[in-house]
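Please open the model in a viewer and keep the selection tool at hand. The tour moves from one selection to the next and states what is found at each stop.

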Amino acid sequence: MPMIDVYAAKGTIKDRKQLAQDLAQAIMRWEKVPAIPFFTDNTAAFVHELDADSFSDAGGNSAHIRVNVTTNAGALDREQQLGLVKEISELVATAAGDASLADRTWVALTEAVPGGWGIGGHSYTNDEIVQHVRELLGKA
C-alpha cells in the first residue's frame with residue numbers, strides 16, 4: 001500500500017487532512033487498484049510541518065515542498081509516474097493556495113523491496129498482495 005509523506009514549512013498547507021486524503025486517493029487512481037477497504041484503509045498520506053529554517057536548497061531558498069511516495073515494486077509504469085507526479089504537484093500547490101508552488105514541489109517515487117509492505121503484522125510480497133486482493137474480490 002502506498003505511503004506518502006509531505007514535508008512543508010509550517011502554515012503552507014491550509015487543510016492538511018484534506019490534502020492527505022486527496023493524495024491517497026490520487027495514488028489509488030494512478031495505481032488502478034479497486035476501492036476496497038484493503039486499499040482505502042491502508043493507503044495513506046502524512047503531512048509534516050517543518051520550521052522554515054529547517055530546510056533549504058543550495059541557493060538558500062526554503063519555499064519548496066518535498067513529497068516522498070513509496071509504492072510496491074512495479075506498481076507504476078512510466079505514464080503513471082508522469083501523471084502521478086504532475087497531479088501530486090498540482091494538489092500540493094492547490095492546498096497551499098499558491099499555483100507557483102507546483103514548480104517548487106519535489107516528488108520522490110520509491111519502490112518497496114519485495115516483502116517490504118507490513119500490514120496487520122504481515123510482511124507482504126507483491127505476489128501476496130495480488131493474491132490477497134483476488135481472494136477479497138472472490139477471484140482467487
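Begin by selecting Q80 together with its surroundings: leaving out residues up to four places away in sequence, Q80 touches W30, E31, K32 and A75. Q80 itself belongs to helix α3. The residue counts as buried because its relative accessible area is 9%, and the cut-off for burial is under 20%.

Before going further, colour the chain by pLDDT, since this is a predicted model. The mean pLDDT of the chain is 92, and 99% of its residues reach 70 or more. Among the elements of the chain, α3 has the highest mean pLDDT, 98, whereas β5 has the lowest, 80. As a general caution, predicted coordinates should not be read in detail where pLDDT is low.

**The sheet**

Next, display the strands as a cartoon. Four of them form an open sheet with mixed pairing, in the order β2-β1-β3-β4. At the edges are β2 (44–50) and β4 (105–112), each of which pairs on one side only. On average, neighbouring strands of this sheet are turned by 15° against each other, direction ignored.

Select residues 3–9 and 65–72. These are strands β1 and β3, which pair in the antiparallel sense over five bridges. Within this pair, Y7 stands opposite R66 of β3.

Now add residues 16–31, helix α1. This helix lies across β1, β2 and β3, and runs at about 140° to β2.

**I4 and the largest core**

Centre the view on I4, in strand β1. Is I4 buried or exposed? I4 counts as buried, because its relative accessibility is 0%. Its contacts, setting aside neighbours within four places in sequence, are L23, A24, I27, A44, A45, F46, V67, N68 and V69. A distance label from I4 to H48 gives 11 Å, C-alpha to C-alpha, for two residues that are 44 apart in sequence.

I4 is also one of the residues with the most contacts inside the largest nonpolar core, which has 21 residues; the others so listed are I13, I65, V67 and V92. The elements that give two or more residues to this core are β1, α1, β2, β3 and α3 (78–96). Of these, α3 gives the most, with six residues.

Move to I65 and show its contacts. Not counting residues up to four places away in sequence, I65 touches V6, Y7, A8, T12, I13, V92, L101, R104, T105 and W106.

**The other core and helix α4**

Apart from that core lies another, of 11 residues, among them F38, Y124, I129 and V133. To approach it, select residues 126–136, helix α4, where N126, I129 and V133 are buried. Why do these residues sit on the same side of α4? They cover an arc of only 60° around the axis, and therefore share one side of the helix. The general background is that an α-helix has 3.6 residues a turn, so residues three or four places apart point the same way.

Extend the selection to the partners of this side: the buried residues of α4 pack against α2 (37–40), β3, β5 (117–119) and β6 (122–124). Strand β3 thus appears here as well as in the sheet, where β3 stands between β1 and β4 in the strand order.

The last stop is G138, which follows α4 and has a positive phi, near 70°.

Methods:
Residues are numbered from 1 along each chain as its sequence is written. This is a predicted model: local features need pLDDT of at least 70, side-chain atom pairs count only at pLDDT 80 or more; totals for chains, interfaces and linings use all residues. Side-chain values use heavy atoms; hydrogens and water are left out. Two strands pair if DSSP finds at least two bridges between them. Helices (H or I, at least four residues) and strands (E, at least two) are DSSP runs, numbered from the N terminus. Axes are lines fitted to C-alpha atoms, for helices over the stretch in contact, and angles run from 0 to 180 degrees between N-to-C directions. Contact means heavy atoms within 4.5 Å. A nonpolar core is a set of buried Ala, Val, Leu, Ile, Met, Phe, Trp, Tyr and Cys residues joined through side-chain atoms within 4.5 Å. Buried means under 20% relative accessible area, exposed over 50%, partly exposed in between (1.4 Å probe, protein chains only). The arc is that of the directions from the helix axis to the C-beta atoms. pLDDT is the predictor's confidence in each residue, from 0 to 100.
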